[in-house]
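Pull up a stool and let's walk through a fold together. Here is the model we'll be talking about.

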Amino acid sequence: MSRLTLFIANKTYSSWSFRPWLAMRMAGIDFDEELIPFSAGGSNPAFRAFSPTGKVPVLRDGDLVIWETLAILEYLAETYPAIWPRDASARARARAISSEMHAGFQALRNECPMNMRRPRRAIPVSAAAQADVVRITEIWTSALTQSGGPFLYGEFFAADAMFAPVVNRFDVYALTEDADVLAYMERVKALPPYLEWAEASRDEPWVVPEEEH
């Protein structure tokens with residue numbers, strides 16, 4: 001593999017950028033980071049220079065461009081085994097919940113966008129968002145019970161990275177009082193790369209009003 005470059009947007013808001021960035025950092029993968037901030041409306045025409053969809057994240061490996069988060073993780077897993085659990089059953093479950101995160105929980109995403117520098121404050125949420133919270137709680141508690149922790153499948157893997165923006169959402173919108181969930185969240189939030197991302201977000205000068213709930 002040639003030198004990897006990961007294109008991302010604001011660390012304050014870009015949940016999809018955070019996922020592969022955190023997975024790569026936790027797996028010890030060396031890469032360059034290119035941050036292009038969102039413009040009005042939560043996108044940026046400049047993304048088109050490197051992204052065929054006009055969205056982030058994008059991974060570039062030489063002439064190869066990969067523009068979708070799960071595809072990025074699967075591509076990396078071919079070279080870096082620390083992306084997914086080694087046990088086949090755990091790996092299948094990790095991929096299943098990662099795909100569920102990728103495709104679902106739209107109400108939670110819409111009502112409680114990731115915001116790494118938001119003060120902790122509860123807001124009213126819809127029944128659909130509350131149902132998303134219940135399902136995510138089920139996913140986390142089941143995985144932690146089966147693995148014994150400290151992360152979803154024992155060690156930190158891509159499934160944890162896929163849910164890391166939800167850790168932020170549960171935290172800053174005060175969406176749970178479940179002791180096991182809160183303990184898991186604290187372990188994720190204490191990871192050095194998570195802290196690094198959060199600290200960088202506080203130094204960003206950009207504000208996207210649509211993401212400030």
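What follows is a short chat about the sheet, a helix, some backbone oddities and a pocket.

Visitor: Before we start, what sort of model is this?
Guide: Residues are numbered from 1 along each chain as its sequence is written, and side-chain values use heavy atoms, with hydrogens and water left out. Local features need pLDDT of at least 70, side-chain atom pairs count only at pLDDT 80 or more, and totals for chains, interfaces and linings use all residues, since the model is predicted.

Visitor: Which strands stand at the edges of the sheet?
Guide: The sheet is open, with 4 strands in the order β2-β1-β3-β4 and mixed pairing; strands here are DSSP runs (E, at least two residues) and helices are too (H or I, at least four), numbered from the N terminus. Two strands pair if DSSP finds at least two bridges between them. Each edge strand has a single partner, so one side of it is left without a neighbour in the sheet: that goes for β2 (31-35) and β4 (64-66).

Visitor: In which sense do β3 and β4 pair?
Guide: Strands of a sheet pair through backbone hydrogen bonds, either parallel or antiparallel. Leucine 59 stands opposite isoleucine 66 in β4. Strand β3 (residues 58-61) and β4 share 3 bridges, and the sense is antiparallel.

Visitor: At what angle does helix α2 run to β3?
Guide: Axes are lines fitted to C-alpha atoms, for helices over the stretch in contact (heavy atoms within 4.5 Å). Angles run from 0 to 180 degrees between N-to-C directions. Helix α2 (residues 69-77) lies across β1 (4-8), β3 and β4, and its angle to β3 is about 35°.

Visitor: Where is the proline that follows valine 56?
Guide: The peptide bond from valine 56 to proline 57 is cis, with omega near 5°. Proline 57 sits in the loop between β2 and β3.

Visitor: Is phenylalanine 105 buried or exposed?
Guide: Phenylalanine 105 has a positive phi of about 60° although it is not a glycine, and it lies in the loop between α3 (88-103) and α4. Buried means under 20% relative accessible area, exposed over 50%, partly exposed in between (1.4 Å probe, protein chains only). At 7% relative accessibility, phenylalanine 105 counts as buried.

Visitor: How does alanine 174 count, and what is its place?
Guide: Alanine 174 also isn't a glycine, yet has a positive phi of about 50°. Its place is the loop between α6 and α7 (179-189). At 28% relative accessibility, alanine 174 counts as partly exposed.
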